[in-house]
Amino acid sequence: MGEEIEHKGDGSAGSVGSELPPWESDIITGLASLDEPQNGSYNDLLDFSSGTSSATGEPAGIFVRFAPIFLFIAFPAAIFGIPAMLGHPILNGDNLIQNYPLRVLSGKALAQGHLPLWDPFEWSGSPLLGGFNAGALYPFTYLFAFLPPMGAWVIGQIATYAISCIGVYCLCRTLRIGQNSSLLAAFVWGFMGTMAAQLVHFGLVAGVSWIPWALIALFKIAEGVGKMPSGQDAPRFLVLLRAQLGWVLLAAFSVSMVVLAGEPRAISDAALVLGISTAWLARRSLPNGLRLKFTYLSLTAGAWAMALGAVQLLPGLVFLAGSQRSNASYALFSSGSLPVSWSILMLIPDFLGGTGSIGQPQFFGNYQFTEVTGYVGLLPLAAALALPVGAFARRKEVPHPENSENTPMPYPKYGLWLLITVVGLVLSWGGSTPFGHLLAGLPLYGGQRLQSRNLTLVDLGLIVMFAYWLDRAISYDPRDDDAHENAIIGHLLGRHASPSQMERTAALVPAAAAIVFALGALVFGSGLVSHFSVSSEAVSQAGSMSISLVIGIVVAIAVGAAILFFDRVAPWRRGGLFGAVVVLEVLFFACTSLVNLSSGAATRADSMVSSSLGSTSSARMAASAQSLSNPGLAPNSSHRFAVYDPQLLNKGGLSQVGEPDLNALRAQPSVQGYGSLAPGDYAASTATHGQDVLDPSILSSPQFLQLNDQYLYTMPQYLMSQTVGPVSSGPPASRLIAAAQARTWLFDRQIDVASISVDTSPASGSANGNPVSVRVGILEAAGQVYWPPSWDSAGSGLVMLALNQPIEGIGLEIQNGSQTASQSISNLVVTSPGEQSESMNGPLSGYLQSPQWRFAGVWAGYDVFENTQTQGWVWGSGDLTSEIISGTVANPVVVKVSSDHGGTLYRSVGFANGWIATLQPDGGGASRTQSVGRYGLVQQVQIPPGVWKVTFSYSPESATVGLALSIISVITLIAAFAYWRRNSKSPVLRT
């Protein structure tokens, strides 16, 4: 078409008086020189194509050019690789019980050559790809298909932190920040703050690790567009797309990796950061004629990214619409919002307790410590204060240039990052602010919980501002400052101080504030801590913080000294000075906020996970064997199991039982699961969305019988507890018995019953004046009920019975003799011959009904109750008989059914849209497809008369459409990349 766009390296086309792109100058023209390094040059900018330093043009050695890359691969490799090789992988928290087992399961599916669509082991069957948490198609999940699981996990950890740190380093270099400053900023980003603390949520850090790369691409697109002619000479959109194709591809690929990582919070953070950055660059860095086209390029990259990630995104959105979060409440949104007062943790990371190291108490706030810490050190906070103060002072002394119509308004180069910091802080406060309900209405952000995780945005903004400030500090020359002597003292006394000294004074504020708060906590203890939204019980622990607070004061003094006296150090040594301070802060954060140095235990990794390494210590194996008091009660794949231990009283037993989602490693189906999304109807009926919890009232319901749950593992405390003092002082466990019905209270073992007491009263709403009659019997091991003589109480009140002879029993049965009124039972207490009283006040007490449930024994420290009325994996109505001939709960499953008259085949697998049943006549013939319907919580399909082989398979339409979109997008991305590589070396693009 004859139009040519010439790429010029001098920035002359569309420039505004500077060789740098507009967003890389503090302010345009006269003010720009005040913010650039005083020596007029930058340290070596990596040039991967020429092998030279772009700053000097001289050849750069391979080590110098790639030293940061080597460092940010070697350091994570040592952190994660060495412990794993020693048999102690860094694997705990949600990574242990969720992210790791779900990735192992996804890898098995990929190794078999099909998409990881369905998880048969959680919630009686649940979407795996649609659940997000598995990161089922994230590129590093493919490693689980052909590597040992633990090896794949460790490689993923190393790669995630390498990608993240290198990304921030290259982002800073893209912003023309020096190599040393960029290196320290990337180091702080990767190993402090949310990126380090949120390691227990691998999907989050994996997704966030790609955000810097998307920002690099966005800035490079803006730079390229800014060099183009504007106005009537502005190129058409397609010409711009071809010119910036390489960076558009990088942006699309990076954002698609955020999506595939499987963490909705990372997706919303990326959308916020990139949306704010796009609007900022379009408004502040480009003339009017190019803003819209730059926005189009950004949206093109975003749309391409969504198409690339459609195979994850579409099934995830469909599952979300039917999950427990489909009608997210404000309470859900505000849960996990950071109390505003807890922002002090950005100054002193363990002000409210930490990991328990160096004599400090464990975090005593009413939340999880990893969710509320965003501490990236005092130096980034110093930068966030110093840069605006310094710019304000300079703007008062140097007038702004007049701007022509096509010249963007000048602005500080750190302005975008200050905005991201402020936005992230407000969002992390979430429901703790008066604007909570307004924030809850924001797209993407408002439908999620745990708002404190937006501290990731705060950290990102602080890190880049730190890099800018550090670059100025390293290159600062005190000879240019006539007011160097006593400038800070003069400023504190109200005298004139030069702008550079005012900036440095502001930088001292965070260190000074940290010292003041730490001294206040040392002097006033709980009196100060009580003002920070913690319980009165927790406040008492503040007195144990002395050693940690003293160390924090030492760190703050070191930071203040570096800020105060760095100009007395030769410029070439300042990088080492600030590097030493950064290392000190990293060590302080690690010891107080990441690792418990006094515990001697790196993780809660259990024998099942250790076996993934191919070895387990003999001592741990022996300890496991000793706890298997009855191995016959261990879970197995022939049935489902449930664990009721919401307070995690038996952590060692949880590992051996294989709590959800660890049960996936042993292919043990469970009625429970653990993840951010759970099937909505299922979660509402069973209350199994949470760790090792369920609704006790469903244990004897008809719906629960559909789930083929044979064993329930729980602790004695959830059934009975020893009482001290009068019975009336014990916590009541009120249970309702309907008219003319009976209810069972099972013990946690067989005990001798010497006496019984119970508080009986008519249930609320019962007719006054109706006599209420109850009878209490002792359930014996053989199944009979012993009814003590003379026990027949009419009326209400506390009733006690002492037996002449202790009776061995496994529980109590209470009958309501009234034909019209319900009866409320509370304060049920059993006393054994040794005068030991136990109250039947546990949350499970009264819900395990005999003969359906019986006490079966002890395994791995748990009391095990067996369900004697399970219905199996499949069953039929009428004369329909069924037999599984291939698989049990996996995808697909083949069932042989026979019926003379037809009927309904029921299958004990959680219902989800996307299941189909293919019916093949047993003797051959044409097959037919039947829709799979819902029967309570499970599946049903109508079967015609005859003998059939029924194949159940899961293939949701959302996954099919998403896969097609992703495949097409990958093909176009590869083609576009090949086109870009072929034409990228050409200085002129022709159309």
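These legends accompany several close-up views of a predicted model.

**View 1. Helices α8 and α11 side by side.** Here we look at helix α8, residues 211–226, packed with helix α11, residues 264–284. Their axes lie 11 Å apart and make an angle of about 20 degrees. Angles under 35 degrees count as roughly parallel, and α8 and α11 are therefore roughly parallel to each other. The crossing of α8 with α11 is right-handed. On the α8 side, the residues to pick out are I211, A214, L215, L218, F219 and A222. They meet A266, D269, A270, V273, L274, S277, T278 and L281 of α11. Sorted by class, this contact holds 11 nonpolar, 2 polar and 1 charged residues.

**View 2. Helices α22 and α25 running in opposing directions.** This view takes in helix α22, residues 509–524, and helix α25, residues 546–565. The two axes cross at roughly 160 degrees and come within 9 Å. Angles over 145 degrees count as roughly antiparallel, so that label fits α22 and α25. The crossing of α22 with α25 is left-handed. From α22, the contact draws on A511, A514, I515, A518, L519, A521 and L522. From α25 come S546, L549, V550, I553, A556, I557, V559 and G560. This contact of α22 with α25 has 13 nonpolar and 2 polar residues, with no charged ones.

**View 3. A cis peptide bond at P660 and D661.** If you check backbone torsions, stop at the bond from P660 to D661: it is cis, and its omega is near 15 degrees. D661 belongs to the loop that links α29 (651–657) and α30 (680–686).

**View 4. A cis peptide bond ahead of P851.** The bond from S850 to P851 is cis, with an omega near 10 degrees. Look for P851 in the loop between β14 (837–839) and β15 (853–859).

**View 5. R176, with positive phi.** R176 is a residue other than glycine, and its phi is positive, near 65 degrees. The residue sits in the loop between α4 (149–174) and α5 (179–191). Is R176 buried or exposed? Buried means under 20% relative accessible area, and R176, at 19%, is therefore buried.

**View 6. L450, with positive phi.** L450, also a residue other than glycine, has a positive phi near 55 degrees. You will find L450 in the loop between α18 (436–440) and α19 (455–475). Its relative accessibility is 8%, so L450 counts as buried.

**View 7. The largest nonpolar core, centred here on F466.** In soluble globular proteins, nonpolar side chains tend to be buried together. The largest nonpolar core in this model has 200 residues. Which residues have the most contacts inside it? They are F351, W417, F466 and W469. Helix α19 gives the most to this core, contributing 15 residues. Setting aside neighbours within four places in sequence, F466 touches L184, A185, V188, L379, P380, A383 and V582.

**View 8. Another nonpolar core.** Apart from the largest core lies another, of 61 residues. Its members include F641, A642, I778 and V938.

Notes. Residues are numbered from 1 along each chain as its sequence is written. This is a predicted model: local features need pLDDT of at least 70, side-chain atom pairs count only at pLDDT 80 or more; totals for chains, interfaces and linings use all residues. Side-chain values use heavy atoms; hydrogens and water are left out. Axes are lines fitted to C-alpha atoms, for helices over the stretch in contact, and angles run from 0 to 180 degrees between N-to-C directions. Helices (H or I, at least four residues) and strands (E, at least two) are DSSP runs, numbered from the N terminus. Angles under 35 degrees count as roughly parallel, over 145 as roughly antiparallel, 65 to 115 as roughly perpendicular and the rest as oblique. A crossing is left-handed if the near helix is turned anticlockwise from the far one by less than a right angle, and right-handed if clockwise. Contact means heavy atoms within 4.5 Å. Ala, Val, Leu, Ile, Met, Phe, Trp, Tyr, Cys and Pro count as nonpolar, Asp, Glu, Lys and Arg as charged, and the others, Gly among them, as polar. Buried means under 20% relative accessible area, exposed over 50%, partly exposed in between (1.4 Å probe, protein chains only). A nonpolar core is a set of buried Ala, Val, Leu, Ile, Met, Phe, Trp, Tyr and Cys residues joined through side-chain atoms within 4.5 Å.
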